Each structure stands twice: as structure tokens, then as C-alpha cells.
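Subject: Structure handover and notes

Hello,

Please find the structure below, with the sequence. My notes on what was found follow it.

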Amino acid sequence: SPPRVKVRLADNGRAVSRELEEFRRRYPMDDRAFRNLSSMPADVQKAVINQFKPRREGDSDYSALVATFTRTVQHRQESTKLVGRSDHHQRSGDGNTVEDFRARYPMDDRAFAVLERLEPSVQATVISDFRPRREGEADYSALVMTFCRSVEQRAGGGGVYRGGGARREEEREERGASPIDNRRRDHRSLSPST
């Protein structure tokens, strides 16, 4: 008779792949986190295996980080399927999509819209150079928007943010002094001089 191949099954009856076993050896996790990852669709498992990058290697337990990252990837892939892939499949210079970037660094729709509207060269720089201190967080919106603004300003500042502070200063001058500015001026004029 032919040799029997031993296939390990998760609780849901799906076969546990060798890649998942290797991932678990590299990033130790409890049975609950592993069952959760094993029960995910193959595309979610693949994304978690390929994109999970913890802050430190060699810890004894990654259960919480893996579980959080798995939920994030699952949520992003579900929302991507609902929205469709038409205008979210823009390419950056190095072959990564803004969609892939969002899956790795979850952000709200406002931050994603800012990223999408960046000039292609600025967008490519953001995607290739963004390095948060911690991986696996649930939301990177503020960090992504700040980094987009920084990269855009270094590149010349004429894009989505249009120079930010200088523009606000011009608008303030067009409106005239604000009531707060007037009160400050009045307060200074009433203060006894030394």
C-alpha cells in the first residue's frame, strides 16, 4: 500500500499548510491565535505570512500581534472586495499598490484619499519609505497623513497640501486680524509698560 501522508487539520477541518507551521515557529503564538489564522481564507493567510513584521524578532509570544494583524488584513481585504478594485489599483514606482500599502498599514478613508491623490513620485516615496516604529497596529491614519505631508513638502509642496501653513497665513491676512488677534493687541496696549 502507498505511504500515508499525515495532514494536520485545524478545528474547521482545513489542512494546515507547511507555511503556517513555519510562520508559527518563527512567531510563537497560542493555539487560539493559530486556529484563528488557520481558519482564514488563503489570501488572508498569505498576506499575514508575507506582511507581518513585528517590531522585534525573538519574542516568546506574538499571539496578540498576530491576532490583531490577522483581523486587520481580513477587514481590509473584505472592504477591498466590497469597494472593487477599479480606481484603488494604482501602481507606484516599485510595483507595490496603494491597496497593498493600506493592507499593511490600516488607515481611515480620509488618509487613504490623501495617499491616492498624491503625485505619483511622492506616492512612490511614501510607500517605499514609510517606516513606523511599530508594525501590526490597528490604525496608522495620523502617521500616514503626517508622512505624506512631509514627503510632499520636501518634494516641492505643490500637491495635496499646497504648502499648508503658508496658505493658512495668506488666508488669515485676506480676512484681516481675527478677534483673538485684536484682543491680544488690545491687552498689550492696556498693559503698563516698564
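Glu 135 sits in the loop that joins H7 and H8. The model is a predicted one, and what follows should be read with that in mind. Although Glu 135 is in a loop, the residue counts as buried, because its relative accessibility is 13% and the cut-off for buried is under 20%. Which side chains does the side chain of Glu 135 make polar contacts with? One is the side chain of Arg 104, at 3.4 Å. Another is the side chain of Tyr 105, at 3.0 Å. Setting aside residues up to four places away in sequence, Glu 135 touches Lys 53, Pro 54, Leu 65, Arg 104, Tyr 105 and Tyr 140. Arg 104 and Tyr 105 therefore appear both in the list of residues touched and as polar partners of the Glu 135 side chain, by the definition of a polar contact.The chain as a whole

The protein chain contains 10 helices and 0 strands. Read along the sequence, its pattern is α-α-α-α-α-α-α-α-α-α. Of the 194 residues in the protein chain, 36% are buried. Among contacts in the chain with a separation of 6 or more, 60% are between residues 24 or more positions apart.

Helix H7

H7 covers residues 120-129. Which residues of H7 are buried? They are Val 122, Gln 123, Ala 124, Val 126 and Ile 127. The cover over these buried residues includes helix H5 (98-104), H6 and H8.

Two of the buried residues of H7 have further notes. Gln 123 belongs to H7 and has a relative accessibility of 3%, so it counts as buried. A polar atom of the Gln 123 side chain lies 2.9 Å from the backbone oxygen of Leu 115.

Val 126 is also in H7. Its relative accessible area is 0%, which means that Val 126 is buried. Not counting residues up to four places away in sequence, Val 126 touches Phe 101, Leu 115, Leu 118, Phe 147, Cys 148 and Val 151. Val 98 is 28 residues from Val 126 along the chain, and the C-alpha atoms of the two are separated by 9.8 Å.

H7 against H8

The axes of H7 and H8 are 10 Å apart, and the two helices pack at an angle of about 130 degrees. That angle makes H7 oblique to H8. The crossing of H7 past H8 is right-handed. From H7, the contact is made by Val 122, Thr 125, Val 126 and Asp 129, and from H8 by Phe 147, Cys 148, Val 151 and Glu 152. By class, the residues of this contact are 5 nonpolar, 1 polar and 2 charged.

H6 against H8

How do the axes of H6 and H8 lie, and at what angle do they cross? The axes of helix H6 (residues 109-117) and helix H8 (residues 141-154) come within 9 Å, and the crossing angle is roughly 25 degrees. Because angles under 35 degrees count as roughly parallel, H6 is roughly parallel to H8. The crossing of these two helices is left-handed. On the H6 side the residues are Arg 110, Ala 111, Val 114 and Leu 115, and they meet Ser 141, Met 145 and Cys 148 in H8. The contact of H6 with H8 divides into 5 nonpolar, 1 polar and 1 charged residues.

Some residues come up in more than one place. Cys 148 of H8 takes part in the contact with H6 and in the contact with H7, and Val 126 touches Cys 148. Leu 115 of H6 meets H8, is touched by Val 126, and has its backbone oxygen 2.9 Å from a polar atom of the Gln 123 side chain.

Leu 37

The last residue in these notes is Leu 37, which is found in helix H2 (residues 31-39). Buried or exposed? Leu 37 is buried, because its relative accessible area is 0%. Leaving aside neighbours within four places in sequence, Leu 37 is in contact with Leu 20, Phe 23, Gln 45, Val 48, Val 66 and Thr 70. The C-alpha atoms of Leu 37 and Arg 71 are separated by 9.0 Å, and these residues are 34 apart along the chain.

Regards

Methods
Residues numbered from 1 in each chain as written. Predicted model: local features only at pLDDT ≥ 70, side-chain atom pairs only at ≥ 80, totals over all residues. Heavy atoms only, no water. Axes fitted to C-alpha atoms, helices over the stretch in contact; angles between N-to-C directions. Helix = DSSP H or I, 4+ residues; strand = E, 2+ residues; numbered from the N terminus. Parallel < 35°, antiparallel > 145°, perpendicular 65-115°, else oblique. Left-handed = near helix turned anticlockwise from the far one by under 90°. Contact = heavy atoms within 4.5 Å. Nonpolar A, V, L, I, M, F, W, Y, C, P; charged D, E, K, R; others polar. Buried < 20%, exposed > 50% of the residue type's maximum accessible area, 1.4 Å probe, protein only. Polar contact = N/O pair within 3.5 Å; in protein donor to acceptor, adjacent residues only side chain to side chain.
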